[in-house]
Amino acid sequence: MYHSVTVTPADPYNITVTPDRLRGQLGWLRKRGLRGVSAAELLAAHDAGDPSGLVALTFDDGYTDFTRHAVPLLRQHGFTATVFVLPGRLGGENEWDELGPRKELLDEAGILAAAEAGMEIGSHGLLHRALPDLDEDTLRAETAGSRERLAELTGQDIAGFCYPYGTIDERSVDAVREAGYAYACAIDPGPLTGRHALPRVHIGQSDGGARLRAKRLLHPLRRRPVEALPFVGDGQAAA
């Protein structure tokens, strides 16, 4: 689970990796015979019975640095990824992060550029709101409404959703499923783990080779053993 890829003097929420760090992390994966793909591609491979060697890379929030820094590095390594964007904040900023720093979000042109580069576009809701806190109409707008807007913008079916802040409950999962999404990404969904609440592993600036190895080994332990689901993470290994 990645977020922002840039150089910043402050990172109070630990959501930023530098381009150099991302380059090293992607190289670490490739040296081990692993290929970064979108969440949708990994799930399709899983359904076909052969997800081996694939790692789902996801980037939350849809910062402009995704197309500026992440996309070129992904393409250099022959990788793709999923970027979860906010169609209600096109060209805006991460106003939900009270401590900052302020970062620009992708506008319509940026989202289209990411799609043209082979990246999957998913929804992060309209305005980055925690779904369990919302009334029915707002919940529907954040889930079904954001999917409709992105489909109109891209001309593509929008298969994936990502829960803002990673917060979920049964009602949120039901709303995402009813909105027509094929899958959804969470962080640590616990007993709600499933196709519409996939666990992911956070990857940050401090994650070098040793930490990546540890996270790769530990990730399966965070899933319910009854769930035959693939490893879906943002910089973590699937095999």
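Helices, which are DSSP runs of H or I of at least four residues, and strands, which are DSSP runs of E of at least two, are numbered here from the N terminus, and in this predicted model that numbering places P101 in the loop between β6 and α4. The peptide bond that joins G100 to P101 is cis, with omega at about -5°. Most peptide bonds are trans, and most residues other than glycine have a negative phi.

Two further loop residues can be read against that background. N14, found in the loop between β1 and β2, is not a glycine and yet has a positive phi of about 55°; with a relative accessible area of 36%, N14 is partly exposed, because that value falls between the 20% under which a residue is buried and the 50% over which a residue is exposed. D61, whose place is in the loop between β5 (58–59) and α3, likewise has a positive phi, near 85°, and is a residue other than glycine, but at 3% relative accessibility D61 counts as buried.

Helix α1 covers residues 19–31, and at 1.5 Å a residue its 13 residues should span 18 Å, which agrees with the 18 Å that separates its end C-alpha atoms. Within α1, the buried residues are P19, L22, Q25, L26, G27, W28 and L29. An α-helix has 3.6 residues a turn, so residues three or four places apart point the same way. The buried residues of α1 pack against strands β1 (4–5), β2 (16–17) and β4 (54–56), and also against helices α3 (65–76) and α7 (209–218). After α1 comes G33, with a positive phi near 75°.

The strands β6 (residues 82–85) and β7 run parallel and are joined by four bridges, and in one of the pairings V83 has I121 of β7 as its bridge partner. Strand β7 (residues 120–123) is covered on both faces, with E120 and G122 buried on one side and I121 and S123 buried on the other.

Helix α4 (residues 108–116) packs with helix α5 (residues 136–154) at an angle of about 70°, their axes being 10 Å apart. That angle makes α4 roughly perpendicular to α5, because angles from 65 to 115 degrees are counted in that class. On the α4 side the contact is made by E108, I111 and L112, and on the α5 side by L150, L153 and T154. By character, the residues of this contact divide into four nonpolar, one polar and one charged.

Note on methods: Residues are numbered from 1 along each chain as its sequence is written. This is a predicted model: local features need pLDDT of at least 70, side-chain atom pairs count only at pLDDT 80 or more; totals for chains, interfaces and linings use all residues. Side-chain values use heavy atoms; hydrogens and water are left out. The expected span of a helix is 1.5 Å times one less than its number of residues. Buried means under 20% relative accessible area, exposed over 50%, partly exposed in between (1.4 Å probe, protein chains only). Contact means heavy atoms within 4.5 Å. Axes are lines fitted to C-alpha atoms, for helices over the stretch in contact, and angles run from 0 to 180 degrees between N-to-C directions. Angles under 35 degrees count as roughly parallel, over 145 as roughly antiparallel, 65 to 115 as roughly perpendicular and the rest as oblique. Ala, Val, Leu, Ile, Met, Phe, Trp, Tyr, Cys and Pro count as nonpolar, Asp, Glu, Lys and Arg as charged, and the others, Gly among them, as polar. Two strands pair if DSSP finds at least two bridges between them.
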